[in-house]
Amino acid sequence: MQPTQGNFGRVTVLIHWLVALVTVITVICGLVTVYADGAALTRSSLFFHQTIGFGIFLIMIFRTLWRVTHPAPPLPDETPRHQKIAAAATHILLYVTMFALTITGYTGLAARGRDITIAGLFDLPLIVPLDRELSVTSQALHNYGQYILYALLALHVGAAIYHQFVLKDGLLRRMWFAARA
Ligand code: HEM
Ligand code: HEM
């Protein structure tokens with residue numbers, strides 16, 4: 001396999017790894033919120049979960065705008081068409097899933113009229129109607145959405161490992177900071 005060429009820009013690379021890190025942290029906080037025994041632990045993990053989740057929402061808005069105005073470096077010509085399509089589809093679905101998780105997390109709480117405090121500084125405005133059904137549906141979507149995220153990440157990280165260690169085509173370098181010429 002030909003080595004891949006070109007790099008994602010510095011901003012894309014920085015955001016990619018920042019979001020990867022905070023996604024892992026927020027998933028852990030989400031799971032602790034649901035499965036922890038003590039009320040204090042549940043409260044503080046939800047506090048971190050919703051604060052980081054809101055941060056992810058803001059970063060994802062910026063990331064999407066950045067990404068549509070800064071196209072990805074092209075994959076090598078010899079990359080099979082189905083692989084190009086699979087990669088693009090996984091990336092788009094990752095964007096959609098990240099947005100869906102932040103929005104359903106918010107509507108699950110807001111439609112129950114719960115205060116959503118961010119970093120102890122301010123409460124998010126509750127812009128959805130008080131509606132028990134909306135809250136329950138949002139929570140269910142939020143819950144199932146995590147499995148879609150895990151499945152996409154398994155494909156995504158699996159593909160990165162396959163390229164790095166089997167094809168040895170240096171794909172991972174595309175998502176790292178380019179050395180200065
Ligand atoms: C160990 C974990 C990860 C590795 C090794 C990894 C690796 C990579 C690599 C090598 C690319 C570039 C693909 C290409 O050249 O076309 C990429 C792109 C991408 N990754 Fe990851 N990634 C990881 C975690 C994540 C996570 C947690 C997310 C989302 C929450 C994510 C979302 C994306 C997206 C959306 C792209 C497409 C580029 C863009 O449009 O921003 N990745 N990743
Ligand atoms: C990308 C961002 C997010 C991810 C990956 C995520 C992921 C998760 C996960 C894995 C759980 C555990 C679900 C379970 O096993 O039942 C959870 C629970 C929860 N999340 Fe999120 N979440 C995100 C954003 C948000 C946001 C922004 C909010 C609120 C503003 C939020 C509110 C909640 C609440 C209230 C729970 C507990 C639900 C319950 O009691 O059933 N999440 N989240």
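These notebook entries record what I looked up in a predicted model.

**Conventions**

I worked with a predicted model, in which local features need pLDDT of at least 70 and side-chain atom pairs count only at pLDDT 80 or more, while totals for chains, interfaces and linings use all residues. Residues are numbered from 1 along each chain as its sequence is written, chains are lettered from A and ligands numbered from 1 in the order in which they are written, and side-chain values use heavy atoms, with hydrogens and water left out.

**Entry 1: iron of ligand 1**

I began with the iron atom of ligand 1, which His16 (NE2) and His156 (NE2) coordinate at 2.0 Å. I took as donors N, O and S atoms within 2.8 Å of the metal (3.2 Å for Na, K and Ca); water is not among the atoms, so sites may look incomplete. His16 belongs to helix 1 and His156 to helix 4, and the pair links distant parts of the chain, 140 residues apart. I use helix for a DSSP run of H or I with at least four residues and strand for a run of E with at least two, both numbered from the N terminus.

Around this iron atom of ligand 1, six donor atoms subtend angles of 89 to 179°, so the arrangement is octahedral. The criterion for octahedral is six donors with opposite ones over 155 degrees apart and all others between 65 and 115.

I then looked up the accessibility of both histidines. His16 counts as buried because its relative accessibility is 13%, whereas His156, at 23%, counts as partly exposed. The classes are buried under 20% relative accessible area, exposed over 50% and partly exposed in between (1.4 Å probe, protein chains only).

**Entry 2: iron of ligand 2**

I turned next to the iron atom of ligand 2, whose protein donors are His49 (NE2) and His142 (NE2), 1.9 to 2.0 Å from the metal. His49 is in helix 2 and His142 in helix 4, so this pair ties together parts 93 residues apart in sequence. Here six donor atoms subtend angles of 86 to 178°, which makes the arrangement around the iron atom of ligand 2 octahedral. His49 counts as buried at 18% relative accessibility, and His142 is partly exposed at 25%.

**Entry 3: second largest pocket**

Which residues lie nearest the centre of the second largest pocket? I found Leu46, His49, Leu101, Gly105 and His142 there, out of 39 lining residues. His49 and His142 are also the protein donors of the iron atom of ligand 2. The pocket has a volume of about 1100 Å³. Helix 1 (10-35), helix 2 (39-69), helix 3 (81-110) and helix 4 (132-167) are the elements that give two or more residues to its lining. Helix 2 gives the most, with 10 residues.

A pocket is an open set of points on a 1 Å grid over the protein atoms alone where a 1.4 Å probe fits, with protein on both sides within 12 Å along at least five of seven lines; lining residues have an atom within 4 Å of a point. Volume is the space filled by probe spheres set on the points, which are joined across faces, edges and corners.

**Entry 4: aromatic pairs**

I searched the whole structure and noted seven aromatic pairs. In the pair of Tyr147 and Tyr150, the ring centres are 5.9 Å apart and the planes stand at 85°, so it is edge-to-face. Rings of Phe, Tyr and Trp (its six-membered ring) pair if their centres lie within 6.5 Å, with planes under 30 degrees apart counted as stacked, over 60 as edge-to-face and the rest as tilted. Both tyrosines, Tyr147 and Tyr150, sit in helix 4, three residues apart, about one turn of the helix. Tyr147 counts as partly exposed at 45% relative accessibility, as does Tyr150 at 30%. I also recorded one aromatic cluster formed by Trp17, Trp176 and Phe177.

**Entry 5: backbone and helix positions**

I checked Ala119, which has a positive phi of about 55° although it is not a glycine. Ala119 lies in the loop between strand 1 (117-118) and strand 2 (122-123) and counts as partly exposed at 38% relative accessibility. Lys168 likewise has a positive phi, near 50°; Lys168 is in the loop between helix 4 and helix 5 (171-174) and counts as exposed at 63%.

Ala110, in helix 3, is buried at 1% relative accessible area.

Terms used: Four donors count as tetrahedral if all angles lie between 85 and 135 degrees; four count as square planar and six as octahedral if opposite donors are over 155 degrees apart and all others between 65 and 115; anything else is irregular.
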